[in-house]
Amino acid sequence: MSLFSDIAPVRFEGPDTANEYAFRVYDKDRQVLGKRMEEWLRCAVCYWHSFNWPGQDIFGAGTLPRPWLGPTITQEMADAKLEAAFDFLAQLGAPYFTFHDIDVMATAKTVKEHDRNLKTIEARIQKKMAATKVRLLWGTANLFSHPRYAAGAATSPDPEVYGWAAAQVRGCLEATHRLGGQNYVLWGGREGYDSLLNTDLKRELDHYGRFLAMVVEHKHRIGFKGNILIEPKPFEPTKHQYDRDVAAVYAFLQHYGLANEVKVNIEVNHATLAGLDFEHEVCAALAYGIFGSIDINRGDPRNGWDTDQFPNNAQELVPAFVALIEGGGLGAGGFNFDAKLRRQSVDPADLYLAHIGGIDTLARALLAAADVVAERKLAELKRTRYQAWDGELGQRIESGKLDLAALADLAAASDFRPTERSGRQELAESLIARHCKY
Ligand code: XUL
Ligand code: CO
């Protein structure tokens with residue numbers, strides 16, 4: 001018996017159920033455009049917010065009952081946490097989970113102890129995964145919580161800190177590989193700066209580029225087939241994070257010759273903090289060919305920080321879903337609930353209610369987006385908008401056969417007089433809204 005074991009397995013009961021511990025829309029075996037809903041969404045529960053965060057904030061102590069937490073985590077505490085986490089995963093029926101090394105293991109003081117403690121818990125995680133059939137979407141090393149990382153990990157001014165980071169990443173990448181993880185994530189929470197006055201930006205970027213190259217090289221050496229993903233975020237905790245958004249990550253990857261090796265894990269609330277729409281980040285990643293996975297959550301429109309709330313607005317997610325479906329789906333990625341309860345949500349049941357609501361929201365967005373795609377009107381609207389590019393002039397330009405002078409001369413000689421055409425934005429918005437009925 002653990003904190004999360006007295007809720008019956010969560011099942012699909014349809015929109016009219018009175019049971020709050022049931023899915024109303026998420027029916028994992030329902031076929032959507034030729035694929036099961038579970039395969040479209042590949043939902044994951046994150047270890048850190050759900051089991052490793054007691055509800056503290058910068059003004060107050062923890063509020064949530066998490067008896068396995070404390071300033072130092074012993075092996076017994078890590079084991080109790082594992083028990084509770086897998087009870088929750090099994091009851092919820094989520095196919096995947098995600099973790100940071102230090103979320104799951106006993107606290108370590110040295111590099112050797114860190115490796116040992118991670119291996120100890122890895123063996124126990126392996127057993128739990130086999131017993132529950134829960135799989136690993138991705139693992140990641142926490143390179144931001146310990147005071148040693150205050151000035152960064154792969155961008156630290158201290159090479160010993162850089163070495164610690166290498167040790168943590170090697171350990172966690174190898175553990176992720178042995179646990180059958182589908183991806184490995186690097187979120188550079190402290191890879192950035194608080195002030196440029198004391199920061200050698202070029203040297204830090206070079207160190208970071210080298211670090212990532214070492215990670216990629218090691219991935220190949222051990223035969224890990226999953227994707228290496230960088231998770232963009234503009235700031236928080238640092239004033240400026242180098243991986244500020246998809247475009248910045250892509251430029252970084254190109255510069256260091258890693259664009260074919262590393263993809264991105266896009267988080268909704270990080271996109272909004274960067275002043276971008278979630279669908280912008282998804283479309284940019286698809287356009288650059290670096291889409292990897294999604295951390296699903298939402299911010300609060302009136303707050304400028306990472307509130308990491310559970311998603312509850314399906315309509316808002318539909319444009320990104322349309323792009324994802326048209327882009328061929330999530331591939332090896334998934335929807336990881338990088339979302340946390342509010343501090344007053346002190347009942348164990350709240351963690352179920354949060355995930356059930358979040359998963360149903362994704363199911364609603366998926367069904368609406370599938371209808372939009374199947375209807376083809378939006379795709380047609382877009383296609384006809386660019387139709388002229390399929391004509392003779394468009395093709396001559398696209399194929400690179402005209403240089404600037406030749407095109408300019410042609411514009412003059414043929415007396416180009418383009419006519420204004422409607423962009424049909426309002427219709428496009430209606431085409432989304434009318435399908436949001438689930
Ligand atoms: C922080 C964040 C992290 C990463 C993993 O904003 O999103 O939880 O997802 O380190
Ligand atoms: Co995240």
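1. A salt bridge is taken here as a side-chain nitrogen of Lys or Arg within 4 Å of a carboxyl oxygen of Asp or Glu. R383 forms such a bridge with E380, the closest N and O atoms being 2.7 Å apart, and both residues lie in helix α13 (residues 377–385), three residues apart, about one turn of the helix.

2. This is a predicted model, in which local features need pLDDT of at least 70 and side-chain atom pairs count only at pLDDT 80 or more, whereas totals for chains, interfaces and linings use all residues. Side-chain values use heavy atoms, with hydrogens and water left out, residues are numbered from 1 along each chain as its sequence is written, and chains are lettered from A and ligands numbered from 1 in the order in which they are written.

3. The whole structure holds 17 salt bridges. One of them joins the side chains of K437 and D371 at 3.3 Å, N to O; K437 lies in the segment after α16 (425–433) and D371 in helix α12, so the pair ties together parts that are 66 residues apart in sequence. Helices (H or I, at least four residues) and strands (E, at least two) are DSSP runs, numbered from the N terminus. D29 and R36 meet at 2.9 Å, N to O, and a network of salt bridges links D29, R36, E38 and E39.

4. The cobalt ion (ligand 2) has as protein donors E231 (OE), E267 (OE), D295 (OD) and D338 (OD), lying 1.9 to 2.1 Å from it. Donors are N, O and S atoms within 2.8 Å of the metal (3.2 Å for Na, K and Ca), and water is not among the atoms, so sites may look incomplete. The angles among the six donor atoms run from 80 to 172°, and the site is octahedral, a label that for six donors requires opposite donors over 155 degrees apart and all others between 65 and 115.

5. Both E231 and D338 are buried, where buried means under 20% relative accessible area, exposed over 50% and partly exposed in between (1.4 Å probe, protein chains only). D245, in the loop between β11 and α8, also counts as buried, at 11% relative accessibility.

6. Helix α7 (residues 201–222) has 22 residues and reaches 32 Å from its first C-alpha to its last, close to the 32 Å expected, which is 1.5 Å times one less than its number of residues. Its buried residues include Y208, F211 and L212, and α7 is followed by G223, whose phi is positive, near 80°.

Methods. Four donors count as tetrahedral if all angles lie between 85 and 135 degrees; four count as square planar and six as octahedral if opposite donors are over 155 degrees apart and all others between 65 and 115; anything else is irregular.
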